[in-house]
Amino acid sequence: MDAFSKIAEHIKHDTHVAILTGAGISAESGIPTFRDKDGIWTKMDPNQLASFDVFLRDPVLVSHWYQHRRKVAEEHKPNAGHLALAELEKFCKSVTVVTQNIDRYHQKAGSKNVIELHGNIEENYCIRCKKFQEIPELKDNDVPKCKYCGDLVRPNVVWFGEMLPQDAIRKASETARNCDVFFSVGTSTVVFPAAQFPLDAKNSGAVLIEINPEETMLTPYCHYSVREKSSVALTQLLEILKKKIEK
Ligand code: BV8
Ligand code: ZN
């Protein structure tokens with residue numbers, strides 16, 4: 001029996017499934033990952049750009065960088081991997097997507113239960129009065145200024161050194177501790193605290209499954225680690241679950 005058939009055996013109508021996703025699940029939508037060879041914005045190192053200090057030092061660079069990523073997310077769309085996770089909800093008791101991604105593709109694909117650990121690229125708020133607001137198209141050296149107090153407006157994402165939203169952490173921890181099956185899909189598992197959730201799930205007795213073309217630090221801890229692209233693996237898994245139902 002191949003890995004997918006074995007994995008499908010763990011997914012029944014009363015199973016609680018959790019999935020941690022990273023940039024890899026959006027790679028096949030045409031959204032570059034962070035740490036793979038085909039860099040995100042040619043020479044820009046996203047990890048250097050994902051920080052409040054850099055934003056304060058160079059608000060033009062960071063604001064235009066996020067505007068560029070927002071445009072990329074708008075110009076592309078969820079792929080078969082996102083759609084398969086949304087469809088998975090039909091085959092088990094609950095599906096909770098815990099994503100590190102900010103593109104909102106899981107919601108666009110129809111997943112109903114999504115926890116955004118690192119915020120999202122659509123919303124923006126003022127660094128001083130914290131008011132959320134739309135920002136205009138930035139040109140040349142424009143920076144987004146608050147329409148209420150005039151200070152800088154930033155993307156609603158979690159940068160390095162910043163706390164994750166308390167609510168997201170609480171819900172993700174609860175999900176990891178109470179699920180029966182935990183998938184880690186398309187993430188290098190180097191960023192914490194996100195990378196802790198698969199281990200918490202396993203320590204709470206869940207079956208831990210990884211889907212990634214490469215090995216990661218999590219691989220040795222997994223019950224199953226499938227060297228495959230997420231769209232291929234998740235579509236294949238759904239096909240098996242559909243056949244199981246037809247029997
Ligand atoms: C915090 C912003 C504390 C939004 C991001 C030393 C040790 C441990 C931890 C730390 C440390 N030093 C510092 C830390 C903490 C730090 C951290 O973890 N650093 C790491 C780099 C060492 N974490 C933090 O700072 C976090 N905050 O800890 O706060 C605190 C406490 C009290 C008070 C104040 C603060 C904040 C972390 C969030 C940072 N923000 N993004 C944005 O711009 O997007 S993180 C960034 O990395 C993205 O969000 C991304 O999602 C995340 C993880 O990357 P991945 O998604 O995994 O993407 P990656 O490119 O790495 O991997 C892609 C994978 O996909 C690969 O494995 C590839 O093989 C695979 N793949 C490719 N194609 C496919 C595929 N898989 C499937 N199918 C395919 N087709
Ligand atoms: Zn303001």
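This passage describes strand β7, its neighbours and the nonpolar cores of a predicted model.

Strand β7 spans residues 207–211 and is mostly covered. Of its 5 residues, 5 are buried. Both faces of the strand are covered. V207, I209 and I211 lie on one side. L208 and E210 lie on the other.

Strand β7 pairs with β6 and with β8. Strand β6, residues 181–185, runs parallel to β7 and is joined to it by 5 bridges. One of the residues paired in this way is V185 of β6, whose bridge partner in β7 is I211. Helix α9, residues 196–203, combines with β6 and β7 in a right-handed β-α-β unit. Strand β8, residues 224–226, is also parallel to β7, with 3 bridges between the two. Here E210 has S225 of β8 as its bridge partner.

The largest nonpolar core holds 27 residues. Within this core, V17, I19, L88 and F183 touch the most other members. Two or more residues come from each of α1 (3–9), β1 (16–21), α6 (80–88), β2 (94–99), β6, β7, β8 and α10 (230–246). Helix α10 gives the largest share, 5 residues. Such grouping follows a general pattern: in soluble globular proteins, nonpolar side chains tend to be buried together.

The contacts of V17 were examined beyond its neighbours within four places in sequence. V17 is in contact with L88, C92, S94, V95, T96, V181 and F183. A second core, separate from the largest, has 19 residues. Among them are L20, I115, V158 and A176.

Conventions:
Residues are numbered from 1 along each chain as its sequence is written. Chains are lettered from A and ligands numbered from 1 in the order in which they are written. This is a predicted model: local features need pLDDT of at least 70, side-chain atom pairs count only at pLDDT 80 or more; totals for chains, interfaces and linings use all residues. Side-chain values use heavy atoms; hydrogens and water are left out. Buried means under 20% relative accessible area, exposed over 50%, partly exposed in between (1.4 Å probe, protein chains only). Helices (H or I, at least four residues) and strands (E, at least two) are DSSP runs, numbered from the N terminus. Two strands pair if DSSP finds at least two bridges between them. A crossover is right-handed if, with the strands pointing away from the viewer, the path from the first strand over the helix to the second runs clockwise. A nonpolar core is a set of buried Ala, Val, Leu, Ile, Met, Phe, Trp, Tyr and Cys residues joined through side-chain atoms within 4.5 Å. Contact means heavy atoms within 4.5 Å.
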